Every structure is written in C-alpha cells, then in structure tokens.
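User: I would like to go through some of the descriptive terms applied to this structure and ask what each of them rests on.

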There are 2 protein chains.
Amino acid sequence: MTKYVYMFAEGNATMRNLLGGKGANLAEMVSLGLPVPGGFTVTTEACNKYYDDGQEIAPEVKEQILEALKKQEQLSGKVFGDPEKPLLVSVRSGARASMPGMMDTILNLGLNKEVVEGLAKLTDNPRFAYDSYRRFIMMFSDVVMEISKDHYEEELERIKEREGAKLDTDLTDEHMKEVADRFLEIYKEHKGEAFPQDPTEQLLLSIEAVFRSWNNRRAIYYRRMHGIPGDWGTAVNVQEMVYGNMGETSGTGVAFSRNPATGENQLYGEYLMNAQGEDVVAGIRTPEAIDHLNDLMPEVYQEFHDIAERLEQHYGDMQDLEFTIENGKLYVLQTRSGKRTATAALRVAVDMVESGMLSKEDALLKIDPSQLDALLHPTFNPDALAKATPLAKGLPASPGAATGIVTFTADEAYEEHQNGKQVILVRTETSPEDIQGMNVSAGILTSRGGMTSHAAVVARGMGTCCVSGASECKIDEKAGTLTIGDKVFKSGDWISLDGTSGNVYEGQIETQKAELTDDFKKIMEWSDEFRTMKIRTNADTPADATTARTLGAEGIGLTRTEHMFFEADRIFAFRQMIVARDVEAREKALAKILPIQKDDFVGIFEAMKGLPVTIRLLDPPLHEFLPSEPEQVKALAEELGMEEQKLQNIINDLHEINPMLGHRGLRLAISYPEIAIMQTEAIIRAALEVTTDEYPVIPEIMIPLVSEEKEIEFVRDVIVKRADEVIRESGKKLDYQVGTMIEIPRACLTADRIAMHADFFSFGTNDLTQMTYGLSRDDAGQILETYYNEGIFENDPTARLDRAGVGKLMEIGCELGRKTKPELKIGICGEHGGDPSSIEVCQELGFNYVSCSPFRVPIAKLAAAQSALKQREDKAHMTPTTV
Amino acid sequence: MTKYVYMFAEGNATMRNLLGGKGANLAEMVSLGLPVPGGFTVTTEACNKYYDDGQEIAPEVKEQILEALKKQEQLSGKVFGDPEKPLLVSVRSGARASMPGMMDTILNLGLNKEVVEGLAKLTDNPRFAYDSYRRFIMMFSDVVMEISKDHYEEELERIKEREGAKLDTDLTDEHMKEVADRFLEIYKEHKGEAFPQDPTEQLLLSIEAVFRSWNNRRAIYYRRMHGIPGDWGTAVNVQEMVYGNMGETSGTGVAFSRNPATGENQLYGEYLMNAQGEDVVAGIRTPEAIDHLNDLMPEVYQEFHDIAERLEQHYGDMQDLEFTIENGKLYVLQTRSGKRTATAALRVAVDMVESGMLSKEDALLKIDPSQLDALLHPTFNPDALAKATPLAKGLPASPGAATGIVTFTADEAYEEHQNGKQVILVRTETSPEDIQGMNVSAGILTSRGGMTSHAAVVARGMGTCCVSGASECKIDEKAGTLTIGDKVFKSGDWISLDGTSGNVYEGQIETQKAELTDDFKKIMEWSDEFRTMKIRTNADTPADATTARTLGAEGIGLTRTEHMFFEADRIFAFRQMIVARDVEAREKALAKILPIQKDDFVGIFEAMKGLPVTIRLLDPPLHEFLPSEPEQVKALAEELGMEEQKLQNIINDLHEINPMLGHRGLRLAISYPEIAIMQTEAIIRAALEVTTDEYPVIPEIMIPLVSEEKEIEFVRDVIVKRADEVIRESGKKLDYQVGTMIEIPRACLTADRIAMHADFFSFGTNDLTQMTYGLSRDDAGQILETYYNEGIFENDPTARLDRAGVGKLMEIGCELGRKTKPELKIGICGEHGGDPSSIEVCQELGFNYVSCSPFRVPIAKLAAAQSALKQREDKAHMTPTTV
C-alpha cells in the first residue's frame, strides 16, 4: 500500500517532492536533533489523490492520518481531545516549492468547550487558553468554512472598544472567554450549525481545506508567475502546538541567517513576546529587531543564532527561520531557503564561495536568473518613490524606471527629444511605424496590448521601460489627452513609469542608473566558466549591438531588417517599391535603399567586430508598411503621385485575413527575389567594407519562414548567386553562411531535407509556438485569462517554452537536422531565448547558442550555466543506473 | 558506373520507373517479338542528373548515348549521317506516368543536306525525302530552338497557295525541296546561324530539349492536376524511323483496343495513308476509321487487330496503340493503357472481370476514382452544348452542369426559387450569410476566390455546381449587373455553368440528370468487398444526409452546427446571444434556439437511422455571425434595440487579427460553456426522441480545436454533466460518445494525453494543413500561383494531403492516441477525406473511417478499396524480404 503519511522522524531533506519543502526540512531538523515540535506530514501524493478522487480524502489516507496521530499522542504523552492532557496541533501547507502566504494555515486545532477549560486549568492561564480558542475558531471559520474573518474581527474590536482596550493583550481572561463565546455564535449564525467539537473531524476538515487551497486563485496566479506546475500538489504538516502567547517568557519570531536585502552576513529578523505567529505579520504591535532578544534572553538568542548558522552550513544556503519560545524554551518551527533581493543573492553567492562554504557550481545553481533583470535597468530613487502614489497599473512589459514628458505620437516624441527633452511615448497601442519615436523615448505607456504586444516586444528589445495594457488610462491621441480617473495629462506634462511593477505615476520622479557591481561581474565570469552554449543577442541597431556586447553578448543571433525600413530616410522609397507594378520599377526603388541599408549593416558589423552576426531577410507582410487610415492613404497617394483609388486598391489587394499565415518571410523573397537580392548585396558589401584579416566578418544570412525544402533551395540560390557576384567583383575574399529560421511546424517535420540547404538553424519559437497551438498571441488576451482562471493553462506558452508540444517539434527538428548534418549549428532567436526554463530545454536539445534581447544577456548566461551544470549532474546520475 | 542508357532489348515492362512508360512498353513489345523499330531509352535518372548538373548532359551520359547509337547502327545496318544508308531516328519523351501531349517529340532526326539527297535516291522518292526534311527542320526549330512553328507554316501555306495546292500531298517533289530550302533560311534568319548539319549534335540537342520539356509550364500544370511528382523526370526514347509517308502503301494511325468513350469491346481508331503521325492529329486531312483498313489492307489489319488483342491480354488493360505501315509492313510504335471516359472505365472493368480476363481486385485497381465524379452530377445535353460557346472560364470548383436565371443576392435567389424559378447565384464571393440562397441555387458563380474558397467548399458539400474565381466576370452587386466582355446580364437573364470545366455560357442550355448505371453499382459492390475503412459523409442537413446515404455513406463523420445558426428562424436569437453581456442574457437567448436546434438533429438522426452521426460543437469565431457593413450594423442595432455605437463596440472587440488562430472551437465552449450545454441538450434530446430498440441512435459529440489535454477535459466534463442529466430526466437509456477533432499540430504531438478524454479522433486536415504549413488558404492564392510556376509546390496541400509534413504529424497523433487507447476510433473529416491519394495515407495510418462530402462517397469507396488492396499487396511483398 502507498504510504501517504510520514512521521517527521521518518523523512529527510531529499524527500522534498513527496513531503513538500516544509515537511522535508522539518524532518531534516528532527534528524539533526534540533528542538522541533513533533508531528507528521501528509504527502503531496495524497493531495493529488484527493483531486483524482473528486476532492475527497480516501479511506486509506484517512486511516494513515489517524494512525500517525496515535503515534504522536504516544510520543508526546498527550491525547487529542483529552481535557486533562490535550494534544493541540497546527495544520500547514507545504509545497515542493515555497509559495509564501499563498495557501492556508490553521493553528490551535484540537480545542473545544471541554479542552479549552482543561487547558486553562492545566496552564493556570485561562486568558491564554481562551485567546488560543478564539484564534482557532476564527481561522477554522475562515480557512475551512469560508466565513469571512471580518465578522470576527469586528466583534473583537467591538468588545475592545467597549472595554477601552488598545491591544488584545489589554483584555482580561473573562473578556477572552466572552470573545470566544461570541465567536462560536457567529459561526452558528453563518453555518446554521454548531462549531464542530470533535477534534478528529476538525483535523480532517482542515487537511482537506489545505488541499483545496492549492487551487485557490492566488496560488494559481503565483504558480504561473513562478512556473510551478499545478500537478505537484501540496503536502500538509500536522505539528504539535507550542505557544508564544503563554506570557512574558513566551514569544515568536522570524529571522534570516543573512540580510535578505543586502546579503550582509548577519542574523536579521524580528520577534514579538507573548504572541502567536500571525501577530507578527498583522502589524498591530510593532515587532522588535532580533538583536534585542540578546538583551532579553541571551541564552535563547545564542541557541537560535547557533541553530541558524548550523542550518545555513547544513543546507549551504541562506535560511529563513520561524521560531517560538514557550515559557523560555526555544522551538524551531520551520526553515527554508530565504527569498532575497538580486543584490543580496549575488552577494551571498560570492561570499559563500569565497568563504569556502560552497563550490562555484553550487553557488550559481542557487541564484534565480530572472532576478538579475532588476540590476540592469534604471530604478527610482527610493526616497523619491516613497513619496509617490501610483495612479494606475498596467502590465510590467519591460523593466526599469522612466520619467519624462507626455507625447502622443512618434513624431512628437522624436521632435521633443531633438529639443533635448526626456519623453514618454503614450499610445493606445504602438505599430511598426512608431519605431523611431519609441527609440528615443525614456519609457512607453500603452492602454491596450499584453506582455507580447508590439510595444512590449520592441521595448524589451531596446531595453526601454514599458508599461502596456494599462486599461485605466484613457488615451485620446487626436485630442492629445491622457485621462486617468479625474486627472487629465496633456503633451508636455510629466509622468513616470515603473516597468518592473507596471505602475504609472504623476509627475517627475528621480531615477538612478543601474551599475554593475563586482559581485555581478564575478557571477558572470563563473557562468562563462561552466556554460556550453553561446549567448547571442537580438539587435537591430549598432546601439543595441554595443549595449549587448557590454553585457557580454558573443554575437548577434537576430538582426531584423524590417525596422530599418521604417526610418524616415527610406520608408518612402520602400513604399515606392511596394506599389511598383513591375520588376523594373521595384528594382529602381530598391536601388535607392541599397546604400542606406548597407550603411546600417556596416554599423552593426563594426559594433560586433570579430563576432558573428545573423541578419534575417525581410519578414513581415508588405501591408504593414502601408498606411490604413484614409487620411494617410490620401497623403501618401499625393506623395507618390498616384491616384488615391489606385493606392487604395493596392492596399486592399494586400489585405490578408490571417496575416500571420500569409504572404511574408521567404514567400516575399520568392515572389520578389529583387528584395532578397538587394538585401544580400547590402549585407555582402557592408561585410567587405568592414572585414579585416584580424577581425574577419562572417555574415550569416538568415531566411525566415521556411516550410518546404524547395523554398529554401530557391532563395538560397538567389542569395548565393548575388553574394558570389558581389564578392567576385570586389576582388576580396569573404566567407558567409546561409541559414534559416525554423518557425513553422512543417520545417521541424522535414528538417532533414531543409538542412541540406542550410548552414544553420535558428528556432523562431514565437511563431512556432503560435502555429503549434493554433493560437495567435495578438488575439489570445481574453482566452488566456479564461484559461488561467480555469486552470487549463498554467502560463503563457509564448513566454515559457512548452516542452510537451513545441519542444517535441523542436526535438524532431534537431534530430532530423543533425541526421543530415551532424555539425549543424542550432540556436534560438525567439523571445524564449531569454527565459531560463526555455534555455534549459535548449541545453537539453544540444543547441549551440541562444539569442535574446540585449538586457537579458546576463540572465541567459547564468541560466545557460545552470542548465549545463544540471545536465552534467543528470548525466553523472544516469551513468551507473541506466542502460 | 550507373547505366543511363538501355537498348530496347535490355528492358521490360517492370522497369517503368527507370525507362518511363513508353520505353518500358517498347522493351516489353520487343521481348514479345512484336514488330517494333529498334532503338534505345535514355533513363529518367539521366533526366534528374541533367537537372542536378545545372541543365547539362554529363560526359558519361553522352558517352553511353553514343555507344547505344553505335549498337543501333550495327543492328540496323544503317549509319547515322551516311547518305548511302542513313539511319534516321525519332526522339520522344516518356515519363513514368503518361502525360499525353505535354512534352516534346522530334521526328526524322539525322537528316541534313547530304543525307536528304541520299534518302531521295535510296527510296527513289525525292518528294518523301524532302517532305521528311522540312518536317524535321520545323520540329527541331520549334522544340529545340524555340522558333515558333508559325513562321514555317505560313511559308508552307504561301507556297501551297501560289501553286493552288489544297493539301500538302498536292505539292510536287520540287515544291517540297523549295519548302525545305525556305525552312533552312527561316531558321538562319531567326538563329543567326545555319541549321546544324551534324546528326550527333542534332541528337544531343534534341535529347536535352526533351529533358527541358519536363519542366515546361503545361507539363507542370498537368502534373499538379494529376499528382505526378516533379522528381520523377522523363526518359527519352530514340527509335529508328519508319515512314508512313512513303506513298500509298504507307500510312500511320492510332487505335484503342476498346471504345474509349463507351467501353465497348471493339477495335476503335483511325489512320491516314501517306502521312506521318502529326498529320493525324493536325486535322488537315480527315483520317479514316480503322475498320476501313480491313478493306484496304486486310492482312495488315488482321495483324494489327491480333497485336492489339494480344497486348490487351498481356497487360490486362485496354490499350492505346500507335502504328505505322511502311511500304505495306506494319510497325507498332507505342502501346499504353488507354485513357477513357468514366462510363468506359467502368464498362471495361466489369467486362474484363466477367470475361475472366481480370480478377475483381485488378479491375478495381485500374479505375481512376476521381473519374467517378463525372457520373454523379448533371451534365449538359451534348447536342445543346455543341451549339454553345463559353463566354468566360473560371475554376472548376464543384462539378456538374447548371442553368438558371441570374440573381445577385442570397435573398433574391431564395425568393426567385420560392417563385418556382431555377436560379444561379452570382456573387463576387460568398460568405456564411449566403447559405440559404446557396442552398436553393442550381449553380453558383463567383468572380473571386479559389478552389477552397467559401463558395467552393460549401458548394462541393452540397453537390451544387460551382464556378469560382471567374475573374473575367465583372460583378456589380449594387447595380445588379454581371458584365463579361461587352455582354451585360441583369437579374432574370439566363446563364449556364459547367462546374467540371469552369466554363460560363450565355442563355439556357438543357441539362440531363446523372443516372447510376449497373456497372457503377457493381464497382461499388466490389469496392465494399475489399475496403477495410468505413466511408462516412459530411452533412449538415437531412437532405445532404439522405443524398449521401443513397450514394452509400455509412454514417456522418461531420455535422457542422454553425450553418444552422444562419437560418432565418434563429440567426436573430443567436445574435442576441452574442451581444449579451452576462450569462443569464446569453442563456435566455440560447433557450430560444434550443428547440429549433433539437429539430435539426432529429431530422438528421432520422435520415441516418441506425448509422452513427458525429456532430461538432460550434466552431467559428462569433464575429462571423455579426454584420460588418455600417448599414447592416445600424439595422441590426435597431432590431436588437440597442445603441448602434454599443453594437459597433462589441463588433470591434470581437475583431481578430488572425481569426484562424483566434477565439473559436472549444475555446468558445470554455469561455461560454452555456453554448456547449445548449448544444449538448439539443443533441441528446433529439437522440432520445429518435432512438428505438431496433435502430438505436448513438450520437457522437465532437469537440473542435483541442490543443491541450486540460481543454478537452474541461469541455468533456461540461458535456457529460448535461448529457447525463438530460438522459436521467428522460428515464430512457442512451449511449453517446464524446470525441475530438485533431486539427492543431499540438494535438497530434500530445495525442496520448488527449486520448485519455476522447472516445474518438477525427483529423481536421483543413486546419491542420494550414497550421502545419503556416499558410492560410484564404490568403494563399498568389503565393500558390508563384510556387507552382517556380516548381516549389506541385499541388495544393489543402487538396492533396502532404504525407511528409502533415502526414507525419498525423502518424504521431495516431501512434500516441493508440498508445493510450489501442482501440481508439480514428477518422478524417477534412476536405482530404474525399481525395484518393489522401485516402491512401489514411489507410496506411490505420484509420477506421474517412468522411467526405456526399457526392464524393463513391469516389472514397473505390479509393478506400484500392488503398486496402495496395496495402495487402505491399504487406505480401514485405513478408519474405523484411525483418
């Protein structure tokens, strides 16, 4: 029979998956001989079984719980429900990963009318007994029966007011008894039946409630944010109560073994005397700093200090501990790895390595790569921020802090920036035409669009702060007003954005630049030492390329050429090209763009001197480059010297029902080879101009959207023909590569054929994910919301790579590609390239590199190192046991 | 070294892939001892090598050709280029599959100034010699040098006119010499150099030209129409010339071993005396029926008659032969399986089985299933058609013939039909709102949209004749005019459509109904005997269901429920449902639809009594049900009693950038479970109403667009809950199934998980193909055109299943699905379900059934039988040789 319940003494720290983090650590502490109140853990498997069985605790699980309870009675010499020697317990959740505050806890369980009186007698402390009882009634009502705490707290306040008591501790034992009686009445009013008196019934209902809390809305949200799978389930810990509220030699507190804000190696925390844990959090009484305990109870302090140090050593990580002092005796109730700021995380890692406590490998594995983001972007001055109140909240689309004057169009932003102003671009949503204005803005605010909207994606690429989808912001671009509540902002008014939280503030808030600390540099060095994948960047401009290089990029994995066409000096020629009705007219227009485009590439090649650069041929459908509003169409028609109706007809012809599945990518290069020829020529000429013997440029020309071998064969021929001509004419030598994006399911499925014509593969997981799911991220907003709420999706597959579906296609693509060319260079250039969990998949599949936006390069480096280390570990474990 | 050239005596009929059909059959006839002029075949591999080598004949291939030529000289005792004993040859294409008239032929090769004189002397027939020479010059110019034949024919006409000659045969030998001389001059005028005199050069250039002709535009088009892969290549046959133009005891002809129009068992063909093959085709002189040859040259006739019979017996199929009589001696130049009408195909098959010549299996394998289509639809009376001239040509979107009066809107069509008129619906393109009008029309004509446009798909489903994308037709729906050239048609004018050819005719042309012959029924019976897959139909109405049942459908594989919502009695309630802002209002609107929808299902269940019926829940995005034109929006707002702007806002909110990847399918059922609940209730209630002990109804509820296990789990729960409630309330017993469409790549990749919640899988290959290719068929028109022209695609993957990509995903889906449920029922309900080559894939993957539009049921039956037979054969061949 499956074992669903473990006494603490039966477990240890390696059983985290089964016992949850809290349960495993309690067991470990018991085995270390630390003062831990006794108890047992109901496993995560029991939780999953509970859901599988239609939310019911199966008889065999119930039986094991009661058996464990029996054992705990024997160990403690106390008996559940016995007024003479009552056993009281806490019931707490404990998942595999820590999810602080997301699930539920019940304390003082086991009390009823008789037991509370017994406890009063036994402790000679009726105030304590009734205080515990009223707390239990309220918690049980809230957590198990979903009766709001408010009803109880109002009643408590009423009695305190009546008695003129400021604090709970000002109430007498008689008052506390009255409170408890009133609470029992409130319960009956709401449930229509009396509060359950049978402690065993209380226990089973509470365990069930903790199981249920695994799927409450905030837990689901937390899991999505942190990539925790819903099928892990939570364990439940049932532990004998010890009491911090027994009087002035009792107390309770929490502490970190190091400072979680700075990483400084010094015990850090706070405590309250004569209180239970919830009081510390509730903030009614102000807790004391942990140092003071040294003055009050020096022996207890020293014992705790030593335990904290010992646990840190034992786990090799900074610990977050909960403790209770009952009548002068110390108990440790919990230990876990402490959450910490990015700064602290790096500091702790470096310190622990330097002190010899951890190896570099272990230290790296303990840092959450996504935390690094916070260190790479400007932040608000904390003092200035403390005085500001957010007016609205949008999505934290691109991190950092920004302050500037409101502008409503890309042109306005550009002009004001030319005038030396710091600007925020405020738009309903952005489009590719806004690129120049976005480029000069300190921050971008949109009222529509999600985390993967145009504004969000482009801003992240640029490292520009962006708040997207702030629906409280009513933006009237024509009138030039931004209205939030009853505040109206016009062009020139100051606002501030926090792209890390999504907050929007009124006025100017001072920002401070990000600085890369020595700790940061050291962590990067160590990452470089262990990772096996290269880290490239997605960069469309020399400025982006330079930023990325500073942050450690080892090449460019994706230069999109379409943004270039929107710039003022060429958009007109490009539009002439689009409306041209024959090849000659198109070529004439392209000839105007050629030298400008060549200069773009020269800038990028110079910035990346000596490093590889992948340039993707034009990808988006042509209609994206033409206006849609009648006024703009009219203006463009005049500019082009053509009839408005004729231009409108061309625009109508280019219209597509599903543009994502339409005429774009290499389909353009096949319909209009002259575009690919021009781009090839620009790339090769630029490379010839920049290349030197010392720093040879080896351009990698990337063909987007292949789905069939013959497509790439065709386009490759076009490219090679022109490239070789240009090289021959130059009389110089130049190597170049021609590869392709793998972003259509069929490309993965026929990768063996496609690889015959490709020098490299770069997985475009943005489109690949959308096509594999049949879900357009432009249209997914409402669907995803519903899916999260119903627990159908746990996270957005366009942000976190879906291993089961998209990952399987990628696996097929890699295997087939390398079957044809064992040394095929494989990388990724979708948004996933900067996501740690996705990087792990890339490592697993044997990628040569990942490419991400410049500001995610450090994150990718650390994540790649971690992935490599994990893989090494997995392989080491596999060797002896598997075939 | 690879052997690229085979003497006829070295080959046989089984070497078709290497030698092409013509070459293999020539070799076979040689081995049978038939009178075949000698020669050799350059293989299809040589053709592929020619293309691989950049369109050049490799030295080793050249060498082998010259060697074979030497051998042929020895065998014939003649010498290439020797005026004393000249060897002359024909050079003809010959692919694996017959592609009549698509590629090029050159006759009389080997002639030059000296040889022609030698030939004149040798034969004592200068007229013959110069006639042959001038023919050779013209053919070589046309085929090898791309100089238009017109230049030559004009010159010949000029000389004939000058001499008052009516026929070529009226010209004297002097005239012929003059013609040949003039032809040489014309050649020089166009090429700037003299006609090549070296026979070897002539030969190699001609072989190259035949290779090239494999990729001429009409050959590519033919291959696409017939599903012939471009990488097969063509072989080239070089054969000693024999001459039908040597005088009155010479002649040439073609004949079929049976009548190719009716299938009657009787030699059928025609011939011309004193002529070469091209004269028979050219139609300047009228050929004689083959019977007459019996009077003229009874021995030759008898010999030919016997050869035809012997070859038919030998190949077990009706033969199409070419022959030449040279000075009274018969030569057979070619034999192949004869093309025949559908009627003839069935007749021949039945006759051959009944006469014991073929087994049923072999007979079935010889019929082209797609030919059956012609037998199932009305056709024009041939006499009436002979008098009509087509005004325009569109795409043959849905077969059959139709005549009726022009109507420009669905409402107009409906009204005129109510008035007892026969109507043709004429629209730029159709949309789902037109469904009722389409339903009553005899034919549908659109000026836009391809073979898979809305009009085409719906019309095929209904079995209604449709010509789509007839771009010459200018349709002004507002003005109510259809303009073709300078003809203008108004409402009420008669036109006629041929959906099999795509032709549009003026006026009323008499049509005749299709009748199912006894041969047809017999072939269907035999198909039923051998096929292992069931054939179901896609039917949305009781009428469709009845039609399909008559044609042999064994159930419904797809009932789309969305068409139902467009009907006049419910569209309003459905729109109320869409614009409802809360669940109650939605449920209220749905309650109005419930009884109507239930009646729909009752009708279908009754029509399919005793056979399974799969009903798909609502699939398209909701915006498809709302109007887009401002006027219509205004009208609907009034009808709904809501502000126009409010309705417009709802429409805007529902707008999607990529609707194919948007909020539809089971995503609707998750957002609005009340819709799925209403549909479930309607289905179950209908089933309860119709079901009897004798004919139990087992409804199969199909969930569209699954991509993730938890989606189907959710929707299945919703369905099962309501279904079980309704059944329980009824007090009756009813079995039902819940399955899903597999139409998203991720569904294939995670089919093991999805199968846990599905009673059946039905592959929706329309969407699956589009997502696997990343290509929307709504937007693919121009792309496909370019792709065909560049040889990138050989056919439309939405019409013919792509085995390499989409098929691989399906294979994964089947394997994973059956891993979870070995007995999982698997079918297909996309357009591919009626396509023979796609049906073969379904057989290979072990499908239980295919489902197709009613009129394709017989085609599917035959194709399924063929697939089963082929599979049986493949397995039989595999047993002894593979592991």
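User: Which residue in E31(A) is the bridge partner of Thr740(A)?

Analyst: In this predicted model, the bridge partner of Thr740(A) in E31(A) is Phe761(A).

User: What makes strand E30 (residues 737-742) of chain A and E31(A) a pair?

Analyst: Pairing requires at least two bridges between two strands, and E30(A) and E31(A) are joined in the parallel sense over three bridges, so the pairing criterion is met. E31(A) is also joined by four bridges to strand E32 (residues 825-828) of chain A, again running parallel, and there Ser762(A) stands opposite Gly827(A).

User: How do you know that both faces of strand E31 (residues 760-763) of chain A are covered?

Analyst: In a regular strand the side chains alternate between the two faces of the sheet, so each face has to be examined separately. On one side of E31(A) are Phe760(A) and Ser762(A), on the other Phe761(A) and Phe763(A), and all of these are buried.

User: Why is Ser132(A) called buried?

Analyst: Buried means under 20% relative accessible area, and because the value for Ser132(A) is 0%, this residue is buried. Ser132(A) lies in helix H5 (residues 126-143) of chain A and, leaving aside residues up to four places away in sequence, touches Asn108(A), Leu111(A), Tyr243(A) and Asn245(A).

User: Glu146(A) and Asn108(B) both have positive phi values; is each of them buried or exposed?

Analyst: Glu146(A), with phi near 55 degrees, is found in the loop between H5 and helix H6 (149-163) of chain A; exposed means over 50%, and because its relative accessibility is 65%, Glu146(A) counts as exposed. Asn108(B), with phi of about 65 degrees although it is not a glycine, is found in strand E4 (residues 105-109) of chain B, and at 0% relative accessibility Asn108(B) counts as buried.

User: Why is H3(B) called oblique to H8(B)?

Analyst: Helix H3 (residues 59-76) of chain B and helix H8 (residues 199-213) of chain B pack at an angle of about 125 degrees, with their axes 12 Å apart. Angles of 65 to 115 degrees count as roughly perpendicular and those over 145 as roughly antiparallel; the angle here belongs to neither class, and therefore H3(B) is oblique to H8(B). The crossing is right-handed.

User: Which residues of H3(B) and H8(B) meet?

Analyst: From H3(B), Lys62(B), Ile65(B), Leu66(B) and Leu69(B) meet Thr200(B), Leu203(B), Leu204(B) and Ile207(B) in H8(B). By class, this contact has six nonpolar residues, one polar and one charged.

Terms used. Residues are numbered from 1 along each chain as its sequence is written. Chains are lettered from A and ligands numbered from 1 in the order in which they are written. This is a predicted model: local features need pLDDT of at least 70, side-chain atom pairs count only at pLDDT 80 or more; totals for chains, interfaces and linings use all residues. Side-chain values use heavy atoms; hydrogens and water are left out. Axes are lines fitted to C-alpha atoms, for helices over the stretch in contact, and angles run from 0 to 180 degrees between N-to-C directions. Helices (H or I, at least four residues) and strands (E, at least two) are DSSP runs, numbered from the N terminus. Angles under 35 degrees count as roughly parallel, over 145 as roughly antiparallel, 65 to 115 as roughly perpendicular and the rest as oblique. A crossing is left-handed if the near helix is turned anticlockwise from the far one by less than a right angle, and right-handed if clockwise. Contact means heavy atoms within 4.5 Å. Ala, Val, Leu, Ile, Met, Phe, Trp, Tyr, Cys and Pro count as nonpolar, Asp, Glu, Lys and Arg as charged, and the others, Gly among them, as polar. Buried means under 20% relative accessible area, exposed over 50%, partly exposed in between (1.4 Å probe, protein chains only).
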